[in-house]
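Dear colleague,

I am handing over the structure we spoke about, together with some notes on what turned up when it was examined. Please look through it first and then read on.

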Amino acid sequence: MGFINLTSLIAQDNATPTSVQPSINILAGNSRLDIDAAGAIRIEAQLQAFRAALIYADDLRRQTGKLPPVSIAFDHKGVFRRQFLRDGLSNSQKRNPRLCHLRTEIVDVFGPIAEALNIPTEHILVIHEDSARTHADHMLNTVPLSADVRHRMVVAAADRPTCGAPSNSKITCAAITSEYFCKAIEADDESLETQPVLEVFFEASPWSEVLAYVRGLQLTHALGMRFGIRLNLVTPEGTLRKGQVVYADPEPPVSSALIA
């Protein structure tokens, strides 16, 4: 099934307000981190998606004179703060790390691409699975949610975990992906005052599939988030297949607490 066909499965409202120019935020790939038996970091980097996203960010900078907010997502095994951040960070940096705050082995993989495009690594926000899972779990425990939304966020007892999640995880891949999307938009508070669009660049992989991203898009809008999302699939050869910008149906949000 083609990429455009998958996104077309979602109810759309593509009538973007003509009086408001959308602000653009970028999610530059969903890579994976692990620690091997010898204690070394193993990096499964979505470098083609990262490169395509940063090229697009650079194009926008040339057009507007301003670099748009850029985020990178990491699925991982183990505790992110303990294993993948460098030493000596402040509590604020640990809560909202930038690419430059990761261990040298990781920065050395992604840094040269950013440097070639003159995009500072301190500009690139890091979004990781630990934080996404914690926030999704908190939402499930504290926010009134419809049965449909809760079903999309919680793995049924008989279901196998998705996206490489630990076997005891109750959070679905769609919920993790939705958290990535919302965090990437929150990287730019100003965008919330306009009509934001999130440009998502990713490569298909065992933990990062097109269908999982479509389900994450559906859940994001079901939770009452009003921003548009475009899924841009990048092949291993670097070919870019752009989807359509998908907007939420103009329905009341599930809970005002989710937008605060």
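How many aromatic pairs does the structure hold? The structure, which is a predicted model, holds seven aromatic pairs. One of them is formed by Tyr56 and Phe201, whose rings are tilted, with 5.9 Å from centre to centre and 45° between the planes. Because Tyr56 belongs to helix α2 (residues 47-64) and Phe201 to strand β5, this pair ties together parts that are 145 residues apart in sequence. As for their surroundings, Tyr56 counts as partly exposed at 22% relative accessibility, whereas Phe201, at 1%, counts as buried.

Phe74 and Phe80 make another aromatic pair, and since their ring centres are 6.4 Å apart with the planes at 35°, the pair is tilted. Both Phe74 and Phe80 are buried, and the two also take part in one aromatic cluster together with Phe50, Phe84 and Phe110.

Returning to Tyr56, you will find the charged end of Lys242 sitting over its ring, 5.5 Å from the ring centre. Helix α2 also contains Asp58, a residue that counts as buried at 7% relative accessibility. If residues up to four places away in sequence are not counted, Asp58 touches Leu117 and Ile119.

Next, the strands. Strand β1 (residues 24-35) is mostly covered, with eleven of its twelve residues buried, and I would suggest following its pairings in turn.

- With strand β5 (residues 197-202), β1 pairs in the parallel sense over five bridges, and here Ile24 stands opposite Val197.
- With strand β3 (residues 70-76), β1 again pairs in the parallel sense, over six bridges; Ser31 has Phe74 of β3 as its bridge partner, and Phe74 is the residue described above as a member of the aromatic cluster.
- With strand β2 (residues 41-44), the pairing of β1 is antiparallel and runs over four bridges, and the bridge partner of Leu33 in β2 is Ile43.

The strands β1 and β2 form a hairpin with five residues between them, and in the turn Gly39 has a positive phi of about 90°.

Another stretch to look at is helix α9 (residues 210-222), where the length can be checked against expectation: at 1.5 Å a residue, its 13 residues should span 18 Å, and because the end C-alpha atoms are 18 Å apart, the two values agree. The expected value is 1.5 Å times one less than the number of residues, which is why 13 residues lead to 18 Å. A number of residues in α9 are buried, among them Val210, Tyr213, Leu217 and His221. Just after this helix, Gly224 takes a positive phi of about 95°.

Finally, a word on the cysteines. A search of the whole structure finds zero disulfides. Is Cys182 buried or exposed? With a relative accessible area of 11%, Cys182 is buried, because the cut-off for that class is under 20%. Cys100, by contrast, has a relative accessible area of 23% and is therefore partly exposed.

With best wishes

Definitions and conventions: Residues are numbered from 1 along each chain as its sequence is written. This is a predicted model: local features need pLDDT of at least 70, side-chain atom pairs count only at pLDDT 80 or more; totals for chains, interfaces and linings use all residues. Side-chain values use heavy atoms; hydrogens and water are left out. A disulfide is a pair of cysteine sulfur atoms within 2.5 Å. Buried means under 20% relative accessible area, exposed over 50%, partly exposed in between (1.4 Å probe, protein chains only). Helices (H or I, at least four residues) and strands (E, at least two) are DSSP runs, numbered from the N terminus. Two strands pair if DSSP finds at least two bridges between them. Rings of Phe, Tyr and Trp (its six-membered ring) pair if their centres lie within 6.5 Å; planes under 30 degrees apart count as stacked, over 60 as edge-to-face and the rest as tilted. A charge sits over a ring if NZ of Lys or CZ of Arg is within 6 Å of the ring centre and within 35 degrees of the ring normal. Contact means heavy atoms within 4.5 Å.
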